[in-house]
Amino acid sequence: MSAAPSDETHDEIIERWERAAAGWGKHADRMRTFGMPVSAWMIEHVQLQPGQRVLELAAGPGDTGFLAAELIKPGGTLISTDAAESMLEVARARAAQLGIDNVEFKRMDLEWIDLDTASVDAVLCKWGLMFSTDPEASLREARRVLRPGGRIALAAWDEPSHNAWATIPTAALVESGHLEPPDPNAPGMFVLAAPGRLQDLLESAGFVDVAVSTVDLPRSFRSLDGYVSETNDISSFLSTAFEPLPESERDAVIRTIGDLSQPYTDADGSIRFVGRSLVAAADA
């Protein structure tokens with residue numbers, strides 16, 4: 001029996017993150033610094049206490065959860081999860097490097113959380129819900145595993161116009177005819193960006209006292225080559241289209257990226273963007 005389209009999409013998304021994991025490991029320190037303002041907002045809004053049990057979904061390199069792990073000592077446990085085993089390997093290595101020892105790692109999907117009902121005190125999900133094939137089901141699952149009065153904090157990307165650092169490489173590949181325009185309704189960076197979307201999803205899943213805000217994130221690169229190289233490393237969606245191109249066509253795409261980046265480029269060739277993330281917190 002062939003897989004349903006949603007199953008095929010789910011498997012394709014996981015495979016993309018399996019391929020991207022090495023790049024996220026390579027750039028883990030930079031990505032941690034880039035995302036720290038969002039991580040700090042999330043940690044502040046789950047109001048952690050020693051001894052609590054915290055679940056991080058779609059944890060990637062795990063750095064947001066690792067902040068939580070320090071705050072729930074002594075006696076607390078972080079459960080760091082991701083659907084991509086390669087991402088979990090990156091997170092395990094990061095935990096060892098940082099000396100985080102109160103953490104359990106589990107391979108787990110967003111849409112079906114393999115934990116008992118009412119078994120955790122807080123749920124974190126930074127830039128993961130956008131890639132769920134059923135965001136509302138994922139949030140219902142998050143609410144199910146939260147104890148009464150537990151808290152959730154999550155982040156999703158704001159609209160494309162606020163995140164040129166992410167849209168320019170895609171636009172260059174589309175403009176060059178090497179990539180179809182992304183489906184705005186498919187799981188992806190901006191599928192939850194519409195005003196009110198996050199609040200509606202959280203309330204539909206049964207959460208209360210929902211608060212949604214935004215966090216601005218500086219994103220800088222020393223050069224155009226550095227921008228292209230890092231983006232290619234961390235985005236398998238882009239690298240799949242970019243890497244097979246002949247050198248002359250890759251060079252043409254890079255020139256287009258440079259042209260589109262001119263408003264953000266300084267005289268020394270460095271590139272500076274300011275991205276924007278949505279952040280949300282709520283009670284179970």
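Where is Asp209 found? Keep that residue in mind as we walk through this model, which is a predicted one. Asp209 sits in strand β6, the stretch that covers residues 208–221. We'll come back to this residue later, once the overall layout is clear.

Let's start with the whole chain. The protein chain has 10 helices and seven strands. Its radius of gyration is 19 Å, close to the 19 Å that the globule rule gives for 284 residues, so the chain is as compact as a globular protein of that length. If you line the C-alpha trace up along its principal axes, it spans about 55 × 45 × 35 Å.

Now think about inside and outside. Of the 284 residues in the chain, 50% are buried. On the outside, the accessible surface comes to about 13,000 Å², and carbon and sulfur atoms account for 49% of it. The chain also carries 24 positive and 44 negative charges, and the mean positions of these two groups are 5 Å apart.

How does the chain meet itself? Take the contacts with a separation of 6 or more: residues 24 or more positions apart account for 80% of them.

Time to go into the core. The largest nonpolar core has 85 residues, and those that touch the most other members are Leu55, Val123, Leu139, Ile152, Leu154 and Phe207. Leu154 makes a nice example to click on. Leaving out residues up to four places away in sequence, Leu154 touches Met42, Cys125, Leu129, Leu139, Leu198, Leu202, Leu278, Val279 and Ala280.

Next, look at Ala281, which lies in strand β7, residues 271–283. Is Ala281 buried or exposed? Its relative accessibility is 2%, so Ala281 counts as buried. Apart from neighbours within four places in sequence, Ala281 is in contact with Trp41, His45, Arg151, Ile152, Ala153, Asp209, Val210 and Ala211. Notice Ile152 in that list of contacts; Ile152 also turned up among the core residues that touch the most other members. Compare that with Asp216: Ala281 and Asp216 are 65 residues apart in sequence, and their C-alpha atoms are 17 Å apart in space.

And there is our opening residue again, since Asp209 is one of the contacts of Ala281. At 59% relative accessibility, Asp209 counts as exposed, whereas Ala281 is buried. The backbone of Asp209 has a quirk too: its phi is positive, about 50 degrees, although Asp209 is not a glycine. Why point that out? Most residues other than glycine have a negative phi, and most peptide bonds are trans.

Ala118 has a positive phi as well, near 55 degrees, and this residue isn't a glycine either. You'll find Ala118 in the loop between β3 and β4, where β4 covers residues 120–126. With a relative accessible area of 29%, Ala118 is partly exposed.

The peptide bonds hold a quirk of their own. Lys73 and Pro74 are joined by a cis peptide bond, with omega at about -10 degrees. Pro74 belongs to the loop between α3 (63–71) and β2 (77–82).

Another loop, the one between α4 (85–98) and β3 (103–107), holds Ile100. Does being in a loop settle whether a residue is buried or exposed? Just check the number: Ile100 has a relative accessible area of 10%, so it is buried. Setting aside residues up to four places away in sequence, Ile100 touches Phe66, Ala69, Glu70 and Ala95. Ala69 is 31 residues from Ile100 along the chain, and the C-alpha atoms of the two are separated by 7.2 Å.Let's finish with two helix residues. Thr167 is in helix α6, residues 164–175, and at 23% relative accessibility it counts as partly exposed. Beyond its neighbours within four places in sequence, Thr167 is in contact with Pro160 and Phe190. Leu48 is another matter: Thr167 and Leu48 are 119 residues apart in sequence and 35 Å apart in space, C-alpha to C-alpha.

Ser229 lies in helix α8, which covers residues 224–234. At 37% relative accessibility, Ser229 counts as partly exposed. From Ser229 to Ser239 you go 10 residues in sequence and 9.7 Å in space, C-alpha to C-alpha.

Methods. Residues are numbered from 1 along each chain as its sequence is written. This is a predicted model: local features need pLDDT of at least 70, side-chain atom pairs count only at pLDDT 80 or more; totals for chains, interfaces and linings use all residues. Side-chain values use heavy atoms; hydrogens and water are left out. Helices (H or I, at least four residues) and strands (E, at least two) are DSSP runs, numbered from the N terminus. The radius of gyration is taken over C-alpha atoms; the globule rule is 2.2 Å times the number of residues to the power 0.38. Buried means under 20% relative accessible area, exposed over 50%, partly exposed in between (1.4 Å probe, protein chains only). Contact means heavy atoms within 4.5 Å. Accessible areas come from the Shrake-Rupley method with a 1.4 Å probe; for residues, only the protein chains shown count as cover. Lys and Arg count as positive and Asp and Glu as negative; His and the chain ends are not counted. The place of a charge is taken as NZ of Lys, CZ of Arg, CG of Asp or CD of Glu. A nonpolar core is a set of buried Ala, Val, Leu, Ile, Met, Phe, Trp, Tyr and Cys residues joined through side-chain atoms within 4.5 Å.
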